[in-house]
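Grab a pencil and work through these exercises with the model open beside you. Try each task before you read its solution.

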Amino acid sequence: MKIWVDADACPGAIKDILFRASERVKVHLTLVANKTLRTPPSQWIRAIQVPAGFDVADDRIASELQPGDLVITADIPLAAAAIGKGAHVLDPRGERLTDNNIQERLALRGFMEELRSTGVQTGGPAPFSSRDQKAFADQLDRLLQRLLQG
């Protein structure tokens with residue numbers, strides 16, 4: 001199992017949690033972004049910089065992940081692609097995305113895009129909070145424990 005991070009919009013606090021978890025459980029962690037990323041020196045952690053462009057990082061992750069890998073992303077189409085390839089998905093706020101909820105999330109995303117295209121101001125997500133950080137850390141610990149125990 002490897003952990004893949006859609007790192008362009010991933011909060012720094014979440015990356016720090018992932019760095020510690022990768023070292024602790026000795027799982028390869030790969031951050032993919034279209035900008036240079038700083039990572040701690042580690043045999044378990046690497047960063048891949050992809051060219052700028054729409055969905056370039058997402059496409060790289062989707063092309064390289066394997067069934068059973070874990071993908072960290074808030075991008076719903078990437079989450080759907082990862083789930084379709086047999087990966088596990090966790091968003092940076094600690095929500096598991098699965099076969100059971102991804103179609104609903106895709107439909108909601110499409111609806112919100114349609115509203116925005118008509119000029120409706122939909123706002124964005126709530127600011128990232130310490131509660132979100134804790135929810136992510138807790139869910140990550142539970143998920144890694146389950147996945148690594150087989």
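**Exercise 1. A lysine in a helix**

Task: Work out whether Lys134 is buried or exposed, and find which residue its side chain meets in a salt bridge.

Solution. Step 1: Lys134 has a relative accessible area of 52%, so it is exposed. The cut-offs are these: buried means under 20% relative accessible area, exposed over 50%, and partly exposed in between, with a 1.4 Å probe and protein chains only.

Before going on, a word on what you're looking at. This is a predicted model, where local features need pLDDT of at least 70, side-chain atom pairs count only at pLDDT 80 or more, and totals for chains, interfaces and linings use all residues. Residues are numbered from 1 along each chain as its sequence is written, and side-chain values use heavy atoms, with hydrogens and water left out.

Step 2: the partner is Asp138, at 2.7 Å from N to O. A salt bridge here is a side-chain nitrogen of Lys or Arg within 4 Å of a carboxyl oxygen of Asp or Glu.

Step 3: both residues sit in helix H5, four residues apart, which is about one turn of the helix. (Helices are DSSP runs of H or I with at least four residues, strands are runs of E with at least two, and both are numbered from the N terminus.)

Step 4: Asp138 comes out as partly exposed, because its relative accessible area is 29%.

**Exercise 2. Bridges across the chain**

Task: How many salt bridges are there, and which residues do Asp141 and Arg93 pair with?

Solution. Step 1: the count comes to five.

Step 2: Asp141 pairs with Arg24, and their closest N and O atoms are 2.8 Å apart. This pair ties together distant parts of the chain, with Asp141 in helix H5 and Arg24 in helix H1, 117 residues apart. Asp141 is partly exposed, since its relative accessible area is 36%.

Step 3: Arg93 pairs with Asp132, this time with 2.6 Å between the closest N and O atoms. Here too distant parts are linked: Arg93 is in the loop between S5 and S6, Asp132 is in helix H5, and 39 residues separate them. Arg93 is partly exposed at 30% relative accessible area, whereas Asp132, at 15%, counts as buried.

Step 4: look for a network as well; Arg46, Arg60 and Glu64 are linked in one.

**Exercise 3. Into the core**

Task: Find which elements give two or more residues to the largest nonpolar core, and what Leu140 touches.

Solution. Step 1: a nonpolar core is a set of buried Ala, Val, Leu, Ile, Met, Phe, Trp, Tyr and Cys residues joined through side-chain atoms within 4.5 Å. The largest one has 24 residues, and Ile3, Val5, Leu18, Ile72 and Leu140 have the most contacts inside it.

Step 2: strand S1 (2-6), H1, S2, strand S4 (70-72) and helix H5 (130-148) each give two or more residues to this core.

Step 3: leaving out residues up to four places away in sequence, Leu140 touches Ile17, Leu18, Ala21, Leu70 and Leu90. Contact means heavy atoms within 4.5 Å.

Step 4: there's another core apart from this one, with 18 residues, including Ile76 and Val89.

**Exercise 4. Two neighbours in one loop**

Task: Lys26 and Val27 lie in the loop between H1 and S2. Which one is buried, and which one is exposed?

Solution. Step 1: Val27 counts as buried because its relative accessibility is 4%.

Step 2: Lys26 is exposed, with a relative accessible area of 51%.

Step 3: check the backbone too. Most residues other than glycine have a negative phi. Lys26 isn't a glycine, yet its phi is positive, about 55°.

Step 4: list what Val27 touches, not counting residues up to four places away in sequence: Met1, Lys2, Ile3, Ser22, Trp44 and Leu148.

**Exercise 5. A buried aspartate**

Task: Where does Asp91 lie, and what is it in contact with?

Solution. Step 1: Asp91 is in the loop between strand S5 (88-90) and strand S6 (96-97).

Step 2: Asp91 counts as buried, since its relative accessibility is 8%.

Step 3: setting aside neighbours within four places in sequence, Asp91 is in contact with Thr73, Ala74 and Phe136.
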